[in-house]
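Biologist: I'm new to this one. Could you walk me through how to read it?

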Amino acid sequence: SDRARVAGLSSPETPPRWRLPAPRVCEPGDHGSPRRVRALRTQGPGVQVNVVTRSVEIGGKPLSFETGKLAKQASGAVVVSCGDSMVLVTAGVQLSDMKFDFFPLTVDYMDRNGASGALPGGFLKREGRGTERETLVSRLIDRPIRPCFPKHFRSEVQIMATVMSYDKNAETDILALCGASAALHVSEAPMTQPVDGVRVCR
C-alpha cells in the first residue's frame, strides 16, 4: 500500500527500525584494558549480553562483582555485593572531539531510603537532598581515581553509585569505591591501573 511504501516497510532495501548493527566484539586490547567485557550485538529486537561474575574473599566475607546484566546503555556497569549490601556503579565516558581545559570527572554516591527498607514519611514521599555522608563518600571515590587517568585526558567521565540494598554488617562506601574502579575498567575510559579499598578497624 502507499502508507507502507511511505513508511519504508515494503522496500527490501530499508531494514526494520528495530534491527541493530552487525555483530561486533571488542578485542581484549581495545582502549588499553586487557580485561574488558562488552556486549555482543545480534540481529533482532533484543540484545544478548554476557553476564560475568567474579568473587573474592576479604576478611572472611565474599565480595562479588557482576557485570552485563544491569545498566546496559552505560559505558560500564558493575554490581558489587557483600553480604546483603548491594551497590550498582555505572560509568559514562564521552569520547568526543569536545575538549576541556580540565578533567571533568563527576562522582555521585546516592544512599536510598528504600535500600534499608525505610520510606520517606510525611507530605513528601521523595528522596531529600544529599547528605553529608554522600558527599564524603563521593570525594572518597574521586580522590584515588582521578590520578589514575592520563595527564592529558580531557573527556567527560561520570560515575554514579546507587545503593540498592543495605546491610549494617557490610558498609557500602568501600563497595562503591571498588565498583567504580571495576566499572571504569569495563568501559572505554583509559584508566591506567585499578583502585580498591578495604575498611581497617580494631
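Modeller: Let's go from the overall layout to a pair of helices and then to a single residue. Keep in mind that this is a predicted model.

Biologist: How many helices and strands are there in the protein?

Modeller: Three helices and six strands. Going along the sequence, they come in the pattern α-β-β-β-β-β-α-β-α. The protein has 202 residues, and 35% of them count as buried. Take the contacts between residues at least 6 apart in sequence: 61% of those join residues at least 24 apart.

Biologist: At what angle do helix 2 and helix 3 pack?

Modeller: About 40 degrees, with their axes 10 Å apart. Angles under 35 degrees would count as roughly parallel and 65 to 115 as roughly perpendicular, so helix 2 and helix 3 are oblique to each other. The crossing of helix 2 past helix 3 is right-handed.

Biologist: Which residues of helix 2 and helix 3 meet?

Modeller: From helix 2, they include Val-137, Leu-140 and Ile-141, and from helix 3, Ala-176, Leu-177 and Leu-184 are among them. Sorted by class, this contact has nine nonpolar, two polar and two charged residues.

Biologist: Now a single residue: is Ser-64 buried or exposed?

Modeller: Buried means under 20% relative accessible area. Ser-64 has 18%, so Ser-64 is buried. You'll find Ser-64 in strand 2, residues 61-67.

Biologist: What is Ser-64 in contact with, leaving aside neighbours within four places in sequence?

Modeller: Arg-54, Ser-55, Val-79, Val-80 and Ser-81. With Ser-81 there's also a side-chain link: a polar contact of 2.5 Å joins Ser-64 and Ser-81.

How values were computed
Residues are numbered from 1 along each chain as its sequence is written. This is a predicted model: local features need pLDDT of at least 70, side-chain atom pairs count only at pLDDT 80 or more; totals for chains, interfaces and linings use all residues. Side-chain values use heavy atoms; hydrogens and water are left out. Helices (H or I, at least four residues) and strands (E, at least two) are DSSP runs, numbered from the N terminus. Buried means under 20% relative accessible area, exposed over 50%, partly exposed in between (1.4 Å probe, protein chains only). A polar contact is a pair of N or O atoms within 3.5 Å; within protein, one must be able to donate a hydrogen and the other to accept it, and residues adjacent in sequence count only if both atoms are side-chain atoms. Contact means heavy atoms within 4.5 Å. Axes are lines fitted to C-alpha atoms, for helices over the stretch in contact, and angles run from 0 to 180 degrees between N-to-C directions. Angles under 35 degrees count as roughly parallel, over 145 as roughly antiparallel, 65 to 115 as roughly perpendicular and the rest as oblique. A crossing is left-handed if the near helix is turned anticlockwise from the far one by less than a right angle, and right-handed if clockwise. Ala, Val, Leu, Ile, Met, Phe, Trp, Tyr, Cys and Pro count as nonpolar, Asp, Glu, Lys and Arg as charged, and the others, Gly among them, as polar.
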